[in-house]
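Here are some notes to read alongside the model, written for someone meeting it for the first time. Please keep the 3D view open and follow the points in order.

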Amino acid sequence: MSDDPAPASPPDDDLRAQQYEAIHNRLFLLRLALTLGLLWAYLLTGASTLLAEGLRARFGGWWPVVNALYTLITLFGFSALMFPLSYFGDYAVERRYGLSHQTPEGWFLDYLKSLGLELLLGIVFFSAIYAFLHFLPGSWWVWATAFYVLFAVVLSSLAPVLILPLFHKIEPLESPEIVAAAEDLARQSGVRVVGVFRWGLEEKTEAANAALAGLGRTRRILLGDTLLKGYGRDEILAILAHELGHYRHSDIARLITAGTVLAALGFFIAQAALKGLVVAFRFGGPDDIGSFPLLVFCLFLFSLVAMPFSNAYSRRRELAADEYAVRSTGSAAPLVSSLNKLAAQNLAVRRPAAWLEFLLYSHPSIARRIERARLVEARLPGAKQPPHDAPRARAP
Ligand SMILES: [Zn+2]
């Protein structure tokens, strides 16, 4: 866009980024419409009731088995119907824009692994919810929330040691210089030294990423090898400082806490709505697995409404981590140049429409992050006045 204060990449790149984003936005809407359409078709055609009754006829009083099998067949069928969209959105588009260099077979293997994981987690999650609905019909939403917290904590702890390694190699970072600098940075920040790991993205994607993952003993910083390759030492340290900011601010725990508040609200609303809905659709009760599409509909709708709020919270945490990075490295320049590189490498739109950023972005736009980083730098004690690039930073 013409008023971008930091156009570090040629306009062609920004155009490509906008096309890439437009495709993903349309896919998001299509996925949403299809999910809602399939849920209602499943309910209104009676297919859901038919499956539940068929399983009950076969397994009688073993309702946990009925529920688990119903969940497995339903989630698998849904994934199968959505497969063309998954292939197009998660693979074909990535290939077309040069972000992925996986073979179709390699991608399909990853797809099967994540499908297996989703089915397993789905069965555990919904089996627990339906057990609460069965035994504790009045207070199931409280137990469901407690289970959600347990689920989130266990998954966050296991992610870097059990889940991420299913898809990428994760090894301790060999570069002694970066590790020593990271430990220095951690010590200066008063943060207990954490493990820094190399995240093997390169064999599958061109995109760069870094993350703080895990909880307690599994908590670690992951640096994508796609990022270690093309970035200077100061740029890598700025990104590390950003991740240390998340660490220092306990952002994983904060996000789980915020997620818990939203989950409690979502389950509470679902409980109130289900009471009337199961009667209207003539189900035996909310614990009748045949009414699964109604429960999922309530939770899905709530998560859509909640998404802008959880995204807004996530964007605040990201800006706080950026601020921490600028303060601890004493300068905005390395963070700004790494953000510019990340934007070009990952085909990010630098300044998306404000409403799109508000609704869908878990991270602030690159333009906003750069403006904020420069603002924080200008307020640092002893900051040079004015910084050499101040006029550009103040552009509209
Ligand atoms: Zn971050």
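1. Let us begin in a loop. L347 sits between helices α11 (333-345) and α12 (354-360); helices (H or I, at least four residues) and strands (E, at least two) are DSSP runs, numbered from the N terminus. L347 has a positive phi of about 55° although it is not a glycine. Most residues other than glycine have a negative phi. L347 counts as buried, because 22 C-beta neighbours lie inside 10 Å. Here a residue is buried if 20 or more other C-beta atoms lie within 10 Å of its own, exposed if 12 or fewer, and partly exposed in between, with C-beta atoms placed from the backbone.

2. A word on where this comes from. This is a predicted model, in which local features need pLDDT of at least 70 and side-chain atom pairs count only at pLDDT 80 or more, while totals for chains, interfaces and linings use all residues. Residues are numbered from 1 along each chain as its sequence is written.

3. Is R282 buried or exposed? R282 counts as exposed, because it has 10 C-beta neighbours inside 10 Å. R282 lies in the loop between α9 (251-280) and α10, and its phi is positive, about 55°, although R282 is not a glycine.

4. Now the chain as a whole. The protein chain has 14 helices and four strands. Its radius of gyration is 23 Å, close to the 21 Å that the globule rule gives for 396 residues, so the chain is as compact as a globular protein of that length. That radius is taken over C-alpha atoms, and the globule rule is 2.2 Å times the number of residues to the power 0.38. Along its principal axes the C-alpha trace spans about 75 × 45 × 40 Å. Buried residues make up 29% of the 396 residues.

5. Contacts across the sequence deserve a look too. Two residues are in contact if their C-beta atoms, placed from the backbone, lie within 7 Å. Among contacts between residues at least 6 apart in sequence, 75% join residues at least 24 apart.

6. Next, the sheet. Four strands form an open sheet with mixed pairing, in the order β1-β2-β4-β3; two strands pair if DSSP finds at least two bridges between them. At the edges are β1 (169-172) and β3 (210-213), each pairing on one side only. From one strand to the next the twist averages 30°. Such angles run from 0 to 180 degrees between N-to-C directions, and the axes are lines fitted to C-alpha atoms, for helices over the stretch in contact.

7. You can walk across the sheet pair by pair. β1 runs antiparallel to β2 (residues 195-200), and four bridges join them. I170 has W199 of β2 as its bridge partner, and P172 is matched with F197 in β2. W199 also stands opposite G224 in β4, where β2 and β4 pair in the parallel sense over five bridges.

8. On the other side of β4, the pairing with β3 is antiparallel, over four bridges. A211 has L222 of β4 as its bridge partner. The hairpin of β3 and β4 has six residues between the strands, and there G214 takes a positive phi near 90°. Helix α8 (residues 233-248) lies across β3 and β4 (220-224), running at about 25° to β3.

9. Two helices can be checked for length. The expected span of a helix is 1.5 Å times one less than its number of residues. For the 32 residues of α4 (residues 104-135) it is 46 Å, and the end C-alpha atoms are 46 Å apart, which agrees. The buried residues of α4 are F126, I129, Y130, F132 and L133, and they pack against α3 (63-96) and α5 (140-163).

10. For the 38 residues of α10 (residues 292-329) the expected span is 56 Å; the end C-alpha atoms are 51 Å apart, which agrees. A kink of about 45° lies at A306 in α10, shortly before the proline P308. The bend at a residue is the angle between axes fitted to the seven residues ending there and the seven starting there. Just after α10, G330 takes a positive phi of about 75°.

11. Finally, which residues does V376 contact, leaving aside its neighbours within four places in sequence? They are E323, V326, R327 and A332. V376 is found in helix α13 (residues 366-378) and is partly exposed, with 19 other C-beta atoms within 10 Å.
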